[in-house]
Every structure is written in structure tokens, then in C-alpha cells.
Amino acid sequence: MVLHTVNSSPHNSQCLADCLRVIRAPAVLVLIEDGVYAATRANQQLLQLLPEGTECYALQPDLDARGLNQLLHPRFNGIDDAGFVELTVRCSQIQSWY
């Protein structure tokens, strides 16, 4: 399974759009840094491009720092640093989108 990480806001970068063109389930998507802006309900239309069977997470410290917890899309779960490390061990490949 491939772990995809996206660190850029979908409003300032094509990283998430590029990821969504190639991601195939089963997969894991973790939004980090400014990428967590994509995990909000405001991005519903963009998030519809995620294939079923994709696990979706946003790094909790980054959500907290940006005050986005109340806006989180239901498809996403917050994940702490230890959970993120666990995902890197569980997945056989990692693709970073910067």
C-alpha cells in the first residue's frame, strides 16, 4: 500500500491535484503542514476525487495550529505524530507531494 503525503494548500499549489490524478486504492493519504487546509468541508468537491478505500488523515498538530478542527471533513481523521510514524511502517511505499 502507498502512503501519500501532501504538504501544500490546494489554494496555493497543484500538489493535491497531482496526487489525486494518480492515487489508487487501497492507499493512505496524510495531509501535513499547509496541506491540512484540503481536509476541510470547504473542499468537498475536490475530495470527491479520492477513490473509495483510501484512508484519509490530517496531522493533528497542524490542524490545531491552524484552528481547523471544527472544519474537518468527515472523511478525514486527525492523526498524531506517533500515528503518522505507524503509517510509515505499515505502508510499503511513500510518495511525498511537494
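Let us start at methionine 1: apart from neighbours within four places in sequence, methionine 1 is in contact (heavy atoms within 4.5 Å) with Pro26, Ala27, Val28, Glu55, Arg90, Cys91, Ser92 and Gln93. The C-alpha atoms of methionine 1 and cysteine 91 are 5.2 Å apart, although 90 residues separate the two along the chain. Methionine 1 sits in the segment before strand E1.

A word on what you are looking at: this is a predicted model, in which local features need pLDDT of at least 70 and side-chain atom pairs count only at pLDDT 80 or more, while totals for chains, interfaces and linings use all residues. Residues are numbered from 1 along each chain as its sequence is written, and side-chain values use heavy atoms, with hydrogens and water left out.

**The whole chain**

The protein chain has 4 helices and 5 strands; these are DSSP runs numbered from the N terminus, helices being H or I with at least four residues and strands E with at least two. Along the sequence they follow the pattern β-α-β-α-β-α-β-α-β. The radius of gyration is 12 Å, close to the 13 Å that the globule rule gives for 98 residues, so the chain is as compact as a globular protein of that length. Here the radius is taken over C-alpha atoms, and the rule is 2.2 Å times the number of residues to the power 0.38. Among contacts between residues at least 6 apart in sequence, 71% join residues at least 24 apart.

**Three residues compared**

Buried means under 20% relative accessible area, exposed over 50%, and partly exposed in between, using a 1.4 Å probe and protein chains only.

| Residue | Place | Relative accessible area |
|---|---|---|
| Methionine 1 | segment before E1 | 32%, partly exposed |
| Threonine 5 | strand E1 (residues 2-6) | 3%, buried |
| Glutamate 33 | loop between E2 and helix H2 (44-47) | 38%, partly exposed |

The side chain of threonine 5 makes a polar contact with the side chain of serine 96, at 3.2 Å. Such a contact is a pair of N or O atoms within 3.5 Å; within protein, one must be able to donate a hydrogen and the other to accept it, and residues adjacent in sequence count only if both atoms are side-chain atoms.

**Two backbone details**

Most residues other than glycine have a negative phi, and most peptide bonds are trans. Glutamate 33 has a positive phi, near 50°. The peptide bond from alanine 25 to proline 26 is cis, with omega near 0°. Proline 26 lies in the loop between helix H1 (15-22) and strand E2 (27-31).
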